[in-house]
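Here is a set of short exercises to work through with the structure open beside you. Try each task before reading its solution.

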Amino acid sequence: MDKLRAMALFVRLAELRSFTRVADEYGASRSMISKEIQRLEDSLGARLLQRSTRRLQLTEVGQGYLRRCREILLKLDDAESYVQELQGRPRGKLRINAPMALGNGELARLFVAFMQVYPDIELDIHLSDEPVDLIEQGFDLGFRAASAPFDSAYVGRPLTHFHYRICAAPSYLAAHSAITNAEDLRDHNCFVYNYFRGKNLWPVGNGVAVRGSLKANSTPFLMEAIREGVGIGFIPDFVCAPALEAGEVVEVLADVPRPQLTLYALYPAREFVPPKLQCCVEFAVRWFQRQQQSTVAAND
């Protein structure tokens with residue numbers, strides 16, 4: 001039995017909680033993955049997983065073994081990264097998590113440009129808006145747009161800045177009472193993004209609690225409803241900019257203070273940053289710098 005492979009399989013199984021998904025990742029059959037895990041358990045003389053028809057659950061022994069497997073595999077990755085750095089050939093797989101709207105927009109262009117420069121680095125990209133623990137889910141790198149700093153378990157490299165816009169369609173504004181200050185938002189149909197840290201408390205002015213008829217886990221979805229004139233949204237400009245430029249929506253309370261969003265390249269703090277990860281982060285920093293310079297030049 002290849003113990004390191006079996007440990008890697010066990011870690012991915014603990015992260016994905018699905019034999020089928022792990023089998024798909026490794027290009028193997030479900031039964032083969034199950035047999036390898038069974039052989040690992042037999043060699044250890046302990047049950048690592050409780051199996052049922054509906055879900056997989058780690059045993060207490062499995063939880064402790066998982067932490068130690070991650071440490072061992074991380075050290076192995078560090079050792080390989082050391083050799084790659086000396087040889088100047090970054091290679092291997094990068095598992096990346098990114099927000100859906102950004103991943104389908106600016107980050108897609110960034111990733112394409114990166115692949116052209118570093119063809120030996122394989123990107124495994126997962127787009128999702130729900131909060132994800134990068135360490136628990138086995139991601140090397142995450143992209144996060146946030147207005148508050150992250151905890152010390154991660155290194156966050158700022159890449160660029162965005163702004164929130166309060167957006168409404170002209171037809172909505174024509175049919176409802178005027179909005180002259182933040183408090184007026186209380187009387188309007190304000191949509192809520194499910195994963196917004198403040199929930200229904202919009203950080204506009206001194207903060208205002210809003211309510212409305214729509215909650216969703218997708219800002220592009222909210223934008224479609226805003227375009228149709230049925231409500232107001234607190235939307236980052238990387239989502240609402242096209243609609244604003246086209247005149248489909250307008251910005252409300254543009255002069256009222258609100259927090260700035262910073263896009264970070266976020267990765268778990270570790271002793272040795274793999275060259276493949278370092279290359280991707282540095283490439284992203286330079287890429288966004290060029291984008292900003294191009295925007296400034298176009299506006300001059």
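The exercises below concern a predicted model, and each is followed by a worked solution.

**Exercise 1. Getting an overview**

Task: Describe the protein as a whole by its helices and strands, its box, its buried share and its contacts.

Solution:
- Begin with the secondary structure: the protein has 10 helices and 13 strands.
- Next, take the extent along the principal axes, where the C-alpha atoms fill a box of roughly 70 × 45 × 30 Å.
- Then turn to burial: of the 300 residues, 45% are buried.
- Finally, look at the contacts between residues at least 6 apart in sequence; 72% of these join residues at least 24 apart.

**Exercise 2. Finding the nonpolar cores**

Task: Which residues have the most contacts inside the largest nonpolar core, and which helix gives the most to this core?

Solution:
- A general point helps to start: in soluble globular proteins, nonpolar side chains tend to be buried together.
- The largest nonpolar core here counts 63 residues, and Phe-143, Leu-185 and Trp-202 have the most contacts inside it.
- Helix α10 (residues 275–299) gives the most to this core, namely 9 residues.
- A second core, separate from that one, has 22 residues, including Met-7, Ala-14, Tyr-65 and Cys-69.
- To look around Trp-202, set aside neighbours within four places in sequence; among its contacts are then Ile-166, Leu-185, Cys-190, Phe-191 and Phe-234.

**Exercise 3. A polar side chain in a strand**

Task: Is Asn-97 buried or exposed, and which residues does its side chain reach through polar atoms?

Solution:
- Locate the residue: Asn-97 belongs to strand β3 (residues 92–98).
- Compare its relative accessibility with the cut-off: buried means under 20%, and Asn-97 has 2%, so it counts as buried.
- Now check the partners of its side chain. One is the side chain of Arg-144, in a polar contact of 2.9 Å; another is the backbone oxygen of His-126, at 3.4 Å.
- Beyond four places in sequence, the residues touched by Asn-97 include Ser-128, Val-132, Leu-134 and Phe-143. Phe-143 was also met in the largest core, as one of the residues with the most contacts there.

**Exercise 4. A histidine in a loop**

Task: Where does His-188 lie, and with which side chain does its own side chain make a polar contact?

Solution:
- His-188 sits in the loop between α7 (170–175) and β7 (192–193).
- With a relative accessible area of 4%, His-188 is buried.
- Its side chain makes a polar contact of 3.0 Å with the side chain of Tyr-172.
- Leaving out neighbours within four places in sequence, His-188 is also in contact with residues including His-176, Ser-177, Arg-211 and Ile-232.

**Exercise 5. Which face of a helix is buried?**

Task: Name the buried residues of helix α9 (residues 237–245), and say what they pack against.

Solution:
- List the buried residues of α9: Asp-237, Val-239, Cys-240 and Ala-243.
- Look down the helix axis: these buried residues fall within an arc of 145°, so they line one face of α9.
- Follow that face to its partners, which are α5 (100–103), β6 (154–168), α8 (219–227) and β11 (233–236).
- Just past α9, note Gly-247, with a positive phi of about 75°.

**Exercise 6. Two packed helices**

Task: How are α2 and α3 oriented to each other, and which residues make the contact?

Solution:
- Two packed helices are described by the angle between their axes and the distance between the axes.
- For helix α2 (residues 19–26) and α3, the angle is about 105° and the axes are 8 Å apart.
- Angles of 65 to 115 degrees count as roughly perpendicular, and α2 and α3 are therefore roughly perpendicular to each other.
- On the α2 side, the contact is made by Phe-19, Thr-20, Val-22 and Ala-23; on the α3 side, by Arg-30, Ile-33, Ser-34 and Ile-37.

**Exercise 7. Positive phi outside glycine**

Task: Compare the surroundings of Arg-17 and Leu-253.

Solution:
- Most residues other than glycine have a negative phi.
- Arg-17 nevertheless has a positive phi of about 55°, and Leu-253 has a positive phi of about 55° as well.
- Arg-17 is in the loop between α1 (3–16) and α2, whereas Leu-253 is in the loop between β12 (250–252) and β13 (260–268).
- For burial, Arg-17 is partly exposed at 38% relative accessible area, while Leu-253 is buried at 10%.

Methods. Residues numbered from 1 in each chain as written. Predicted model: local features only at pLDDT ≥ 70, side-chain atom pairs only at ≥ 80, totals over all residues. Heavy atoms only, no water. Helix = DSSP H or I, 4+ residues; strand = E, 2+ residues; numbered from the N terminus. Buried < 20%, exposed > 50% of the residue type's maximum accessible area, 1.4 Å probe, protein only. Polar contact = N/O pair within 3.5 Å; in protein donor to acceptor, adjacent residues only side chain to side chain. Contact = heavy atoms within 4.5 Å. Core = buried A, V, L, I, M, F, W, Y, C linked by side-chain atoms within 4.5 Å. Arc of directions from axis to C-beta. Axes fitted to C-alpha atoms, helices over the stretch in contact; angles between N-to-C directions. Parallel < 35°, antiparallel > 145°, perpendicular 65-115°, else oblique.
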